[in-house]
Amino acid sequence: MKVILVPYPAQGHVTPMLQLAVALLPSGFEPVLVTLEHIHRRIKPDIEQMGHVASMVKCVVLQDGLESGGARDFFAIEAAMEDGSMAVQLERLVSKLDDCENGEGVVLMVVDVLASWAMEVGHRCGVPTAGFWVAMIATYQVVAAIPDLVRHGVISYSGTPRHKETKLPCLVPNQPTLTAEDLPWLIGSTSCRKGRFKFWTRTMDRCRSLRWLLVNSFPEEHCTAYNNIELNEYVVDNRPHVNTKNNNDNEDDYYPMVFPVGPLSKLAVAPTARNPSFWEEERTCLDWLDQQDPGSVIYVSFGSWVSPIGEDNMRSLALSLEASGRPFIWALSPTWRDGLPNGYIERVANRGKVVPWAPQLEILQNDAVGCFVTHCGWNSTMEAIQCKKRLVCYPVAGDQFVNCKYIVEVWKIGVRIDGFEEKEIEECLREAMEDKEMGRRVRELCERTMGEEARLRLVKSLRGFTDDLHKIIAEDS
Ligand SMILES: O=c1ccn([C@@H]2O[C@H](COP(=O)(O)OP(=O)(O)O[C@H]3O[C@H](CO)[C@@H](O)[C@H](O)[C@H]3O)[C@@H](O)[C@H]2O)c(=O)[nH]1
């Protein structure tokens, strides 16, 4: 039973898709992970190092037609995905795998929601297709509510908020207050925002044809404690919450069925496994970290794929970290260093390590780390919870604003900063590193979302999905 998995070509998407591939192995599936050539080259050695289990995931390469080594920003990737040539290659792959003499051929395609072009290939080839959402269920609900947001006048037909302060309708139970400013397509210039909104509208149109949506999150994301939810529940009620409901109530409007299967790092390989990395990790900082006092080090990272925070912010953050007198590791790609004071890296070298790309998971697992200054990307958020680290949040783009609201207002495991001036940074660092209650809450959240009971629930959720898939396959044959 071959399963083709198509991730969106970014670090924060390929990692969870590989974990999903591994999680499908015990159910008898033969996963085939489809990546682009430049990504394949970078992650192959890491996958090989992950040992026997990961080596059972077959990797196949597609060409995106973009210049080798050229820039691949959001719109370049979108153009490449939509121009049809990757679709042709994927269709060929499906027929090739179907023609194999052994097994049942391709029984399932799992497509990252952001790579929705591949859903159409699945449908054309007659292969059952599931969507994969790598972030919070809450953020999926925000983009899925686009037609309602337009209908209620919250945003224009091109996605522009009518008033920034307008509160979004309550889309999931116990939702923190979200405003039109938190919408994930509001990045960059007006034309960029419109372009991204168009992308999301097309993506969500395609998602309406899905029967299943696997989500790399936990079912009780909106809860503050265990007892608020039915623990046996593994399919999330995907019906829109009261005030966005359509008048013409139709069961089909409620598809896809949502299966929370996250955090996938708990289902896949070993909990200590490294992530497949797009860039070479600077591992010497791990030895340095081992020599630091418990809870003393600040780890700073704004993820792999986000707009730079700006030169002024960069300078303020650098000076504030230096002034804090605390040890730190700052993962900062050389292409994002504009704004760093001259000679800064050498000046702070004894106490601060600025590295191009960090072994993030291993850093967070180290007891020396006292808090994590983050952009609130979903993978970083879950890794912080997994490693019981408190957060200082500076959301920059996309889903990060919604994630931040949950971190700060619902789970209360972090604080938000609006800027990087010395006083603000110092206060927030102190709060995050010293607030014992916050520490207790993150430990509890870790247990609730990643403990043994949670792991069993994930297994059950994944089985709920595969059982339904088998039913569909049986009906079809
Ligand atoms: O020096 C570094 C920096 C990051 N990471 C890893 O890279 C991943 C980063 O993922 P994430 O925190 O989700 O950030 P982005 O890469 O920026 O992810 C994009 O994709 C995510 C999933 O859709 C969104 O939640 C984010 O907002 C979006 O920016 C994590 O696994 C990190 O461990 C490293 O290993 N080393």
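Contact is taken here to mean heavy atoms within 4.5 Å. On this criterion, the buried residues of helix α15 in the predicted model pack against α7 (137-144), α14 (378-386), β12 and β13. Helix α15 spans residues 400-410 and is mostly covered, with nine of its 11 residues buried. These buried positions are Gln400, Phe401, Val402, Asn403, Cys404, Lys405, Tyr406, Ile407 and Val410. Just after α15, lysine 412 adopts a positive phi of about 55°.

Two of the elements packed against α15, β12 and β13, belong to an open sheet of six strands with parallel pairing, in the order β10-β9-β8-β11-β12-β13. The edges are occupied by β10 (352-355) and β13 (414-416); each has a single partner strand, so one side of each is left without a neighbour in the sheet. Neighbouring strands of this sheet are turned against each other by 15° on average, direction ignored. Within the sheet, strand β8 (residues 297-301) pairs with strand β9 (residues 328-331) in the parallel sense over four bridges. Valine 300 has tryptophan 330 of β9 as its bridge partner. Helix α16 (residues 422-434) packs on this sheet and touches β8, β11 (369-374), β12 (390-393) and β13, and its direction makes about 160° with that of β12.

An open sheet of seven strands, with parallel pairing, follows the order β3-β2-β1-β4-β5-β6-β7. Here β3 (58-62) and β7 (257-260) stand at the edges, and each has a single partner strand, so that one side of each lacks a neighbour in the sheet. The average turn between neighbouring strands of this sheet is 25°, direction ignored. Strands β5 (residues 129-133) and β6 (residues 212-215) run parallel and are joined by four bridges, with glycine 131 standing opposite leucine 213 in β6. Helix α7 packs on the sheet through β5, β6 and β7, and its direction makes about 110° with that of β5. Helix α7 is also among the elements against which the buried residues of α15 pack.

Strand β1 (residues 2-6) of the seven-stranded sheet contains lysine 2. The relative accessibility of lysine 2 is 8%, and this residue therefore counts as buried, the cut-off being under 20%. The C-alpha atoms of lysine 2 and phenylalanine 29 are separated by 5.8 Å, although the two residues are 27 residues apart along the chain.

Helix α5 lies across β1, β2 (30-36), β3 and β4 (106-112) and runs at about 165° to β1. The axes of α5 (residues 85-98) and helix α6 (residues 117-125) come within 10 Å and cross at roughly 40°, which makes α5 oblique to α6. This crossing is right-handed. The contact involves Met86, Ala87, Leu90, Glu91 and Val94 of α5, together with Trp117, Ala118, Val121, Arg124 and Cys125 of α6. Of the residues in the contact of α5 with α6, eight are nonpolar, two are charged and none is polar.

Threonine 449 is located in helix α17 (residues 436-450). With a relative accessibility of 1%, threonine 449 counts as buried. Apart from residues up to four places away in sequence, threonine 449 touches Phe218, Glu220, Pro263, Ile385 and Ala454.

Technical notes: Residues are numbered from 1 along each chain as its sequence is written. This is a predicted model: local features need pLDDT of at least 70, side-chain atom pairs count only at pLDDT 80 or more; totals for chains, interfaces and linings use all residues. Side-chain values use heavy atoms; hydrogens and water are left out. Axes are lines fitted to C-alpha atoms, for helices over the stretch in contact, and angles run from 0 to 180 degrees between N-to-C directions. Angles under 35 degrees count as roughly parallel, over 145 as roughly antiparallel, 65 to 115 as roughly perpendicular and the rest as oblique. A crossing is left-handed if the near helix is turned anticlockwise from the far one by less than a right angle, and right-handed if clockwise. Ala, Val, Leu, Ile, Met, Phe, Trp, Tyr, Cys and Pro count as nonpolar, Asp, Glu, Lys and Arg as charged, and the others, Gly among them, as polar. Two strands pair if DSSP finds at least two bridges between them. Buried means under 20% relative accessible area, exposed over 50%, partly exposed in between (1.4 Å probe, protein chains only).
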